[in-house]
Structures are given as C-alpha cells and as structure tokens.
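Got the viewer open? Let's take a walk through this model, one selection after another.

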Amino acid sequence: MQCSVCGAEAEDLASGEFDGLVVRCKHCGEYAIEDRALNAFLRLDYDARVAALDKAKTGAGAGARPEITPGSF
Ligand SMILES: [Zn+2]
C-alpha cells in the first residue's frame, strides 16, 4: 500500500479491530486514520496531511500510536 501522508511504499497494519487504516511508513512512522476522517484527510494537500499527523502524534503521548481523527485537521 501507499502511505496516506507522503505516498511512499508503506506497510498495512490494519487488524480489523480498528475502523480505519493502520499504516507503518519509514518516513512517517506508525499511525492510524479513522475511517470517518479518511476521505477528508486524503483531500488535504501534503503540508496539511503532515500537520495533521504531527498533531495526532502530539496528542497520542509517548509510545502510543497516533490516530488521525476528524479533529486532527
Ligand atoms: Zn509516509
């Protein structure tokens, strides 16, 4: 799969326990995107996607996987 933030080749970690995408990208790290945030997220430009991921990382705390939600952007 492609990373939803930067477009690089990325690993799909979705487990079925989370309603959305779970991605591991060597550029962006590991993150999740809620299904209800996905369409709007993909319409953002690159800088806005990076900013949303940064905001999710800040909110997640140490060691937790950041989750991009509609509140992240
Ligand atoms: Zn990436």
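Start by selecting S4. This residue is buried, with a relative accessible area of 10%, where anything under 20% counts as buried. Keep in mind as you look around that this is a predicted model. S4 sits in the segment before strand 1 (10-12). Now show what surrounds S4: leaving aside neighbours within four places in sequence, S4 is in contact with L21, Y31, I33, F41, L42 and R49.

Next, zoom out and switch to a cartoon view. You should find 2 helices and 4 strands in the protein. Follow the chain along its sequence and the pattern reads β-β-β-α-α-β. The radius of gyration is 11 Å, close to the 11 Å that the globule rule gives for 73 residues, so the protein is as compact as a globular protein of that length. If you draw a box around the C-alpha atoms along the principal axes, that box is roughly 25 × 25 × 25 Å.

Turn on the surface for a moment. About 4400 Å² of the protein is accessible, and 46% of that surface belongs to carbon and sulfur atoms. Of the 73 residues, 32% are buried. Colour by charge too: there are 8 positive and 12 negative side chains, and the centres of the two sets lie 4 Å apart.

Now hide the surface and select helix 1, residues 35-43. Which residues of helix 1 are buried? They are A37, L38 and F41. Look down the axis of helix 1 and these buried residues fall within an arc of 115 degrees, so they line one face of the helix. That fits a general rule: an α-helix has 3.6 residues a turn, so residues three or four places apart point the same way. Rotate to the other side of helix 1, where R36, N39 and R43 are exposed. Then turn back and see what the buried residues of helix 1 pack against: strand 2 (20-25), strand 3 (29-34), helix 2 (46-60) and strand 4 (67-68). F41, buried in helix 1, is also one of the contacts of S4, where we began.

For the last stop, select R65, in the loop between helix 2 and strand 4. Is R65 buried or partly exposed? R65 is partly exposed, with a relative accessible area of 40%. Add G29 to the selection: R65 and G29 are 36 residues apart in sequence, and their C-alpha atoms are 9.1 Å apart in space. Leaving aside neighbours within four places in sequence, R65 is in contact with V22, E30, Y31, A32 and A60.

Notes:
Residues numbered from 1 in each chain as written. Predicted model: local features only at pLDDT ≥ 70, side-chain atom pairs only at ≥ 80, totals over all residues. Heavy atoms only, no water. Rg over C-alpha atoms; globule rule 2.2 N^0.38 Å. Buried < 20%, exposed > 50% of the residue type's maximum accessible area, 1.4 Å probe, protein only. Areas by Shrake-Rupley, 256 points an atom, 1.4 Å probe, with all protein chains shown as cover. Lys, Arg positive; Asp, Glu negative; His and termini not counted. Charge placed at Lys NZ, Arg CZ, Asp CG, Glu CD. Arc of directions from axis to C-beta. Contact = heavy atoms within 4.5 Å.
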